[in-house]
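Hi,

Here is the structure I promised to pass on. Have a look at it first, then read my notes below.

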Amino acid sequence: MKKIYKNKKSLRVLSFFVLASLLTGMGSCKKSLDIGPPATLLATANVYTSNTAAEGVISGLYANMVNTNRMYNGNSSVTIQQGLAADELVNLTTTGNQFYTNSLSPLGLYYWPEIFQELFICNSAIQGLGAATSLNPTIRQQLLAEAKFTRGFIFFNAVNLYGDVPLVLSTDPAVNNVISRSPAATVLKQVIQDLTDAQSVLPDNKYETLAATAATDRLLPNKQAASALLARVYLYMKDWKDAETQASNVIGSSVYVLEPNLNDVFLKTSRETIWQLQSTSPTVGNADANVLVLTVIPNGIVSQYPLSSELVNAFESGDNRFTNWVGQLQDGTTTYYYAYKYKQNLITSGTTINEYPILFRLAEQYLIRAEARAQQNDLAGAQSDLNAIRTRAGLAPTTATIQADLLTAIYNERQVELFTEFGHRWFDLKRTGNIDAVMTVVDPLKGGVWSPFKQLIPIPQSELILNSHLTQNQGY
């Protein structure tokens, strides 16, 4: 029992001017689902007459997503906030944290504004690219596929965080100002359609630019990225057959391998990475590391989040992931354990950024396929996939031989393989039906009181006031 207490050039021009014009249009409106005045839309129509400018819209979208302290990177990321909400991280700040105690309020905005800002950019791009006639056809199709892929990704995250959400596919304020929430199943149907459309167009790990250069650092979603997200979507929907098929599409590709050296897994050059976002900061590669890597004894003032005892004790003896991905900071007789997957917590002048936020990697696909196979009673296949991950970690093959035990082993493996990676633990507890059993025990230890309705985040009250067609999640 353990005691717990220089940027590389982008492949495209990042057209921040173009992105700013889109976001300015949104910012002029009363709420996040509004689109903006027609003049703004007319101005941005010119974007889709130039290959470079059109590329800049999508690259700008990625840059917006990776900005520090947003959903995908930093202190306000899903990784941090849902890690605190679950049983992964400990909050040691004296100011408290609503996610940590699962005491979210309808007065908070949380992820909502960012979700719909980015959906607006996707919808605007899909509309503009769909009507464009002067772009290079290959580039146009690639960008349209990327926009659909990203929209599917954002909607999928929105459903898992909020449940039923507005299925915003329009750039028409008259539609979006009075839109209601669509059932999660309807939204997921659109997600699958977007991803299927994208998958049919996206190339295998390369992107045709004007200079015909190829992406080698997995910054752009490709066919395998669409398959990886589809595998995740089907897993959450309990569509085991399709989850297995899509995961196999990725695993069977010659492009990706499980890095044998655990310290190479989270480098930007990792051959395990399927899709990552490129940092736009000269001093931060992955802003999650700024919060997760402990360099000084916690003082209650700076945001510092050690790993919980529940997570630390989930590692088996001899697990090399604990040795390589968990750091330790000693304060007398107290040991603070912290996430050390990303090790560059601060970039000094002249230092090369070696790590970017990774959104999809190969190990997850093995675990998706293992679970899907186990659910279909292909126990030998499930064991093989599970053991691929365990062997890389230096562990013996699983001893689970019956379906129930094997599924439990897979869930446990996900806990120690995917910890502090975009809320996997929180979402796994939800989708497997284990969240109430776990949080009823854990939440009181964090100073909270658990209720099942807290699985979902409240819709901002400000949105309900502005749009009477929206309804609040039960319990709030």
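A quick definition before anything else: a residue counts as buried if its relative accessible area is under 20%. Keep in mind, too, that this is a predicted model.

With that cut-off in hand, try Asp 385 and Arg 369: both are buried. Their side chains also meet in a salt bridge, at 2.8 Å from N to O. Asp 385 sits in helix 15 (residues 379–392) and Arg 369 in helix 14 (residues 362–375), so this pair ties together parts that are 16 residues apart in sequence.

That pair got me looking at the other charged side chains. In general, side chains of opposite charge can pair when their charged atoms come close. How many salt bridges does a search of the whole structure find? The search turns up 25.

Two more of these are worth finding on your screen. Arg 321 forms a salt bridge with Glu 417, and their closest N and O atoms are 2.8 Å apart. This one links distant parts of the chain: Arg 321 is in helix 13 (residues 320–325), Glu 417 is in helix 16 (residues 403–417), and those positions lie 96 residues apart in the numbering. Arg 321 and Glu 417 are buried.

Then there's Glu 421 with Lys 341, where the closest N and O atoms are 2.6 Å apart. Here both partners are in loops: Glu 421 between helix 16 and helix 17 (424–431), Lys 341 between strand 3 (334–339) and strand 4 (358–361), so the salt bridge ties together parts that are 80 residues apart in sequence. Glu 421 is buried, and Lys 341 is as well.

Lys 341 has another neighbour to look at: it lies over the face of Phe 419, 4.0 Å from the ring centre.

If you zoom out a bit, you'll see that Arg 321, Glu 417, Lys 341 and Glu 421 belong to a network of salt bridges, which also includes Glu 272, Glu 316, Asp 319, Arg 361, Arg 390, Arg 392 and Glu 413.

On to the rings. The structure holds 21 aromatic pairs. One aromatic cluster is made of Tyr 62, Tyr 72, Phe 149, Phe 153, Trp 275, Phe 360 and Phe 422.

Last one: is Ser 227, in helix 9 (residues 223–236), buried or exposed? Its relative accessible area is 3%, so Ser 227 counts as buried. Leaving aside neighbours within four places in sequence, Ser 227 is in contact with Gln 199, Gln 246, Asn 249, Val 250 and Gln 365.

Cheers

Conventions
Residues are numbered from 1 along each chain as its sequence is written. This is a predicted model: local features need pLDDT of at least 70, side-chain atom pairs count only at pLDDT 80 or more; totals for chains, interfaces and linings use all residues. Side-chain values use heavy atoms; hydrogens and water are left out. Buried means under 20% relative accessible area, exposed over 50%, partly exposed in between (1.4 Å probe, protein chains only). Contact means heavy atoms within 4.5 Å. A salt bridge is a side-chain nitrogen of Lys or Arg within 4 Å of a carboxyl oxygen of Asp or Glu. Helices (H or I, at least four residues) and strands (E, at least two) are DSSP runs, numbered from the N terminus. Rings of Phe, Tyr and Trp (its six-membered ring) pair if their centres lie within 6.5 Å; planes under 30 degrees apart count as stacked, over 60 as edge-to-face and the rest as tilted. A charge sits over a ring if NZ of Lys or CZ of Arg is within 6 Å of the ring centre and within 35 degrees of the ring normal.
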